[in-house]
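This briefing goes through the interior of a predicted model, taking its nonpolar cores, aromatic pairs, pocket and cavities in turn. Please keep the sequence and the structure in view while reading.

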Amino acid sequence: MYIGRSYKITEFIFWTRRKLFLLLLISIVPVFFYELLGFTWLVVPWPIVAFLGTATAFVVGFKNQQTYNRTWEARDIWGLKIGMSRAWAMMCRDFIKDNEIAREITFRHLAWLTVLRYELRSKRVWENIDKTYNREYATLYTIPEKEIALPTALQKYIGHEELEKVISARNPITQLMSLQSVALVHLSDTGDLDNGRFFELHKYLREFAVLQARSEKIKNFPYPRQYATVNRIFVWLFCMLLPFAMLKEFDSLNQLIAGLMKGHMVWLVIPFSMIISWVYTSLDQVGESTENPFEGSPNDIPISQMCQNLENEIGDIWGDSKFAQIIDNRNNIIL
């Protein structure tokens with residue numbers, strides 16, 4: 001997540017520059033054929049492109065609204081996770097008579113959050129993090145889940161034997177949730193946890209399972225590919241036709257002016273068509289960068305930072321002097 005006041009225009013241009021180069025080429029070709037080779041028949045009627053531009057604007061707006069909703073839903077889910085995790089730590093401390101077991105269950109919960117965030121950071125074929133312009137920008141920040149191996153990250157939360165069992169499971173996240181349920185049932189059977197408190201803790205466990213499923217839904221179900229494909233086709237069709245529609249409009253300006261530019265106004269098609277097209281392609285790229293809020297982009301939900309802050313808070317609750325390392329927000333980006 002970017003936490004600065006705003007992206008610098010230089011950063012944004014650097015991020016979109018490859019499309020700017022392509023738009024420059026698309027703009028030059030029709031002007032070259034029209035002005036230098038006399039291919040005046042290349043002109044496309046302006047109303048056709050205007051209608052296409054309107055339709056494209058609607059499609060791009062729809063995509064950006066839906067991708068923003070995906071990111072906002074992900075933020076809601078993780079906000080609930082963090083709030084409920086604080087309550088979980090306090091209830092374990094206060095409800096369970098055996099402090100050692102209570103601490104074990106609390107820190108197993110941190111292990112569950114750790115495995116979940118590692119899974120959410122794993123690659124999916126439809127994600128955009130490996131695109132060239134995103135890989136370049138990724139040099140400005142670090143993704144904690146790519147820097148530290150999962151077994152190493154789990155060592156401080158669970159014992160070696162349990163770690164081996166979790167790592168070897170088909171679904172380590174569900175395995176940890178199962179271990180939590182078994183521990184609560186055991187405490188209830190031995191009388192260390194009365195029925196009311198058992199049901200309260202188990203209710204939270206069920207809620208955690210639901211929030212896990214909601215996170216996995218966003219991760220494993222992409223923004224529908226048919227909409228993404230149509231969006232890209234419309235944007236680039238509009239960008240390719242736009243300079244052809246502007247040729248006659250700018251050529252007609254030669255009759256209204258005098259001086260150096262008289263007879264050469266058509267060359268202004270290049271910068272103006274580039275600017276308009278860049279607006280559309282940039283909006284498409286911004287929507288694309290918001291599609292997958294867990295992939296590790298600068299616009300992701302900062303689940304690593306949230307978990308590290310939570311670990312410190314739980315350390316305070318338990319009076320633990322060892323605190324998690326705070327993730328550095330290089331270049332105003334936290335993950």
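The largest nonpolar core of this predicted model comprises 52 residues, and within that core Trp78 and Trp88 have the most contacts. At least two residues of the core come from each of the helices α2 (46-95), α3 (99-121), α6 (150-154), α7 (160-168), α8 (172-190), α9 (195-220) and α12 (303-317). Helix α3 gives the most, with eleven residues.

**Nonpolar cores**

- Leaving aside residues up to four places away in sequence, Trp78 touches Leu113, Leu116, Arg117, Leu120, Ser215, Phe294, Ile303, Met306 and Cys307.
- A second core, separate from the largest one, has 29 residues, and among them are Val31, Val49, Tyr133 and Phe238.

**Aromatic pairs**

- Across the whole structure, a search finds eleven aromatic pairs.
- In one of these, the ring centres of Tyr204 and Phe208 lie 6.4 Å apart with the planes at 70°, so this pair is classed as edge-to-face, the cut-off for that class being over 60 degrees.
- Tyr204 and Phe208 are about one helical turn apart, because they sit four residues from each other in helix α9, and both residues are buried.
- Another pair, formed by Phe238 and Tyr280, is tilted, with 4.5 Å from centre to centre and 40° between the planes.
- This second pair links distant parts of the chain, since Phe238 belongs to helix α10 (residues 225-251) and Tyr280 to helix α11, with their positions 42 residues apart.
- Phe238 and Tyr280 are both buried, and Phe238 is also one of the residues of the second nonpolar core.
- One aromatic cluster is formed by Trp88, Trp112, Tyr204 and Phe208, and Trp88 is thus met again after being named for its contacts in the largest core.

**The largest pocket**

- The largest pocket holds about 480 Å³ of space.
- Its lining has 23 residues, of which Tyr2, Tyr7, Thr290, Pro298 and Asn299 are the closest to the centre of the pocket.
- Helices α1 (9-36), α2, α4 (132-137) and α11 (269-290) each contribute at least two residues to the lining of this pocket, and the largest share, six residues, is supplied by α2.
- Sorted by class, the lining of the largest pocket contains twelve nonpolar, eight polar and three charged residues.

**Cavities**

- Two cavities of 30 Å³ or more are counted in the model, and the largest cavity has a volume of about 40 Å³.
- The residues that line the largest cavity are Leu110, Leu113, Thr114, Arg117, Tyr157, Cys307, Gln308 and Glu311.
- Helices α3 and α12 each supply at least two residues of this lining, and α3 gives the most, with four residues.
- By class, the lining of the largest cavity divides into four nonpolar, two polar and two charged residues.
- Leu113, Arg117 and Cys307 are among the residues lining the largest cavity, and these three residues are also among those that Trp78 touches.

Note on methods: Residues numbered from 1 in each chain as written. Predicted model: local features only at pLDDT ≥ 70, side-chain atom pairs only at ≥ 80, totals over all residues. Heavy atoms only, no water. Core = buried A, V, L, I, M, F, W, Y, C linked by side-chain atoms within 4.5 Å. Buried < 20%, exposed > 50% of the residue type's maximum accessible area, 1.4 Å probe, protein only. Contact = heavy atoms within 4.5 Å. 1 Å grid on protein atoms, 1.4 Å probe; cavity = no way out; pocket = protein on both sides within 12 Å on 5 of 7 lines; lining within 4 Å. Points joined across faces, edges and corners; volume = space filled by probe spheres on them. Nonpolar A, V, L, I, M, F, W, Y, C, P; charged D, E, K, R; others polar. Phe/Tyr/Trp six-rings, centres within 6.5 Å; stacked < 30°, edge-to-face > 60°.
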